[in-house]
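Reader: I have a model open in front of me and would like a close look at a single part of it, the sheet and whatever packs on it. Could you walk me through that part?

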Amino acid sequence: MCGIVGYVGPAEAAPILLDGLRRLEYRGYDSAGLALGNNGTLEIRKAVGRIQNLAQLVTDEPVHGNRGISHTRWATHGAVTGENAHPHTDQSERIVLVHNGVIENYLKLRAELEREGHVFHSETDTEVLAHLIGKYAVQLGEPSADHLVEAVRLALREVHGTYGIAVMHRDVPDLLIGARRGSPLVLGVGKGENFLASDPLALVNHTRDVVYLKDFEIVVLRPDNFQIQSLAGDGQDYEISTVDFEAEEISKGDYAHYMLKEIYEQASTVRDAMRGRLSAEEATAKLGGLNMTPAQLREVERIVLIGCGTAYHAAVVGEYLMESLACLPTEVEIASEFRYRNMPMDKYTLSFVISQSGETADTLAALRESQRKGHRTLGICNNVASTIARESDGGVYMHAGPEIGVAATKSFTSQVTILTLLSLLMGRIRNLSSSDGLRIIEEMEKLPEKVARVLEMNPHLQDIAEKYENAHGMLFMGRQFQYPVAMEAALKLKEISYMSASGYPSAELKHGVIALVNPDMPSVFIAPKDALFEKNASNIQEVRARRGPVIGVGTEGHSELADITDDTLWVPDAPDWLMPVLTVIPLQLLAYQIAVNRGCDVDKPRNLAKSVTVE
């Protein structure tokens with residue numbers, strides 16, 4: 001959720017740390033800080049607010065050193081204050097630590113340490129871990145690399161919860177220590193220098209060679225070498241990977257915001273999600289990463305799709321896809337609920353966990369819970385080196401490229417595209433004929449071009465945004481495949497404009513939702529020209545009868561929709577099972593434009609983080 005950057009080498013550390021933190025701004029944060037070690041000194045700078053505030057503080061109060069750790073904090077324990085910002089020190093103020101995650105038993109540990117005379121200066125769980133490491137370091141005697149590593153190991157054995165940490169000791173030169181459990185941490189391998197980060201994006205200006213640490217691993221970094229150990233102290237095998245994206249992919253280019261850039265990338269990302277995965281010869285999808293034979297896939301009698309937020313909405317589309325194309329019973333579970341339920345699942349159930357980052361805490365826990373009960377569990381994610389990608393029994397990689405904007409856009413359409421491929425695959429081994437499969441492939445191959453069209457076919461969208469930017473809220477409604485789009489569109493508007501919004505099945509209007517309809521509450525009906533259009537039209541008339549403004553999203557040229565709505569956004573014609581990829585796009589743009597008009601920070605919305613790595 002937060003950002004960690006560490007460095008040890010010959011260069012001045014502060015510019016490297018600040019550059020890395022800027023590259024992690026998209027993850028969400030409310031304060032930032034860094035600590036540098038230099039010739040037996042330890043200097044710390046912290047600032048509330050944007051990284052620019054920290055950078056200005058470093059300019060006003062310079063710090064120097066060839067090793068350092070830094071952090072962007074997203075508050076969990078304690079308010080947004082300078083005292084609660086990271087880094088934190090131990091009781092002796094010789095050890096300094098930054099931490100992502102949550103120490104669940106910190107209150108008990110803090111009480112024990114306070115009885116021993118420790119004095120705390122923050123409300124955070126992180127400071128407790130720093131003090132615990134410091135306690136063991138004192139017990140082990142004179143500071144040394146071995147003693148510091150052992151102190152970290154002893155402290156981590158006592159904590160419950162999740163952590164990605166970087167640790168440094170004032171009196172142990174040329175040394176950083178990192179460790180992870182449940183919160184991502186990556187080692188960057190340089191030439192005569194080494195790095196730590198919570199995301200490889202922070203390191204692309206300095207190295208492309210990285211080692212993705214596993215849970216319960218500790219890494220000891222020096223300028224010219226590193227060692228990876230288990231929490232028990234054993235040496236661990238590791239693999240050096242190469243970061244597979246270019247620096248240009250994480251720049252905004254000519255776009256005003258990352259979110260806008262990523263919306264406009266969707267013609268390419270939808271195409272990339274399908275690339276090499278459609279076989280006209282066999283009239284099916286080819287997904288070798290599932291690690292399942294056709295015979296194993298034929299044994300599947302039930303699908304469970306698991307996700308959070310946008311991934312959950314994509315999963316609901318997947319439920320409709322799997323049932324309509326493959327006639328396969330499918331259920332969708334919110335990951336945080338699934339992990340604590342005793343959900344009956346037999347041996348013929350196949351589960352998928354869906355996560356853009358591959359690090360979402362609840363989704364990862366759901367994966368482990370499903371596997372613990374003996375069920376094959378596959379992943380759909382965008383990071384091939386993520387924890388979910390590594391721990392799942394197989395899966396599908398999205399190929400969407402880095403998504404920097406906190407509000408997910410291209411990841412939603414990529415996830416829906418992959419779920420369409422999965423539904424085609426499962427349908428072809430169950431009920432779909434070869435001609436049905438070819439028809440689906442033909443429609444899917446047209447999809448990138450239609451996405452490109454919908455991005456350009458609503459020049460009046462900005463006028464609609466200006467008309468409704470000060471509304472009290474918005475209601476989003478759709479039927480069948482468009483119901484999850486309504487939920488996703490409402491989420492986008494909430495996330496970036498802070499406007500109240502809710503998504504419902506259209507027929508739920510009469511079951512309480514209609515009480516909200518008034519002239520200051522526009523209703524968005526996603527009503528393409530399909531078998532249920534007349535039902536949607538009746539609901540629209542009910543809203544109009546109560547003087548509620550109506551925005552329609554419909555099939556290009558459908559005059560019946562235009563006649564009964566105040567404003568209309570158009571998409572190209574497509575089968576109902578492909579429509580969600582198209583109808584969501586003008587609503588992403590509408591949310592974006594409203595947020596810009598309201599003066600909101602689109603790429604860094606308040607209180608939000610890109611990757612939710614704590615429960």
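Author: Happy to; what follows goes through the sheet, then the helices on it, and ends with a short look at a cavity. Please keep in mind that this is a predicted model.

Let's start with the strands. The sheet is open and has 8 strands, paired antiparallel, in the order E3-E2-E4-E1-E10-E9-E11-E14. Strand E3 (41-48) and strand E14 (241-242) are at the edges, and each has a single partner strand, so one side of each is left without a neighbour in the sheet.

Further in, you can look at one pairing in detail. Strand E9 (residues 186-189) and strand E10 (residues 194-197) run antiparallel and are joined by 4 bridges. One residue to pick out here is Val-189, whose bridge partner in E10 is Asn-194.

E10 also leads us to the helices. Helix H1 (residues 13-23) lies across E10 as well as strand E1 (3-8), strand E2 (31-38) and strand E4 (67-73), and it runs at about 155° to E1. Helix H2 (residues 51-60) packs on the sheet too, where it touches E2, E3 and E4. The direction of H2 makes about 140° with that of E3.

Finally, the cavity. Searching the whole structure gives 3 cavities of 30 Å³ or more, and the second largest has a volume of about 50 Å³. Its lining consists of Phe-338, Arg-341, Met-343, Met-345, Glu-369, Ser-370, Lys-373 and His-375. By type, these lining residues divide into 3 nonpolar, 2 polar and 3 charged.

Key
Residues are numbered from 1 along each chain as its sequence is written. This is a predicted model: local features need pLDDT of at least 70, side-chain atom pairs count only at pLDDT 80 or more; totals for chains, interfaces and linings use all residues. Side-chain values use heavy atoms; hydrogens and water are left out. Two strands pair if DSSP finds at least two bridges between them. Helices (H or I, at least four residues) and strands (E, at least two) are DSSP runs, numbered from the N terminus. Contact means heavy atoms within 4.5 Å. Axes are lines fitted to C-alpha atoms, for helices over the stretch in contact, and angles run from 0 to 180 degrees between N-to-C directions. On a 1 Å grid over the protein atoms alone, a cavity is a set of points where a 1.4 Å probe fits but cannot get out, and a pocket is an open set with protein on both sides within 12 Å along at least five of seven lines; lining residues have an atom within 4 Å of a point. Grid points are joined across faces, edges and corners, and a volume is the space filled by probe spheres set on the points. Ala, Val, Leu, Ile, Met, Phe, Trp, Tyr, Cys and Pro count as nonpolar, Asp, Glu, Lys and Arg as charged, and the others, Gly among them, as polar.
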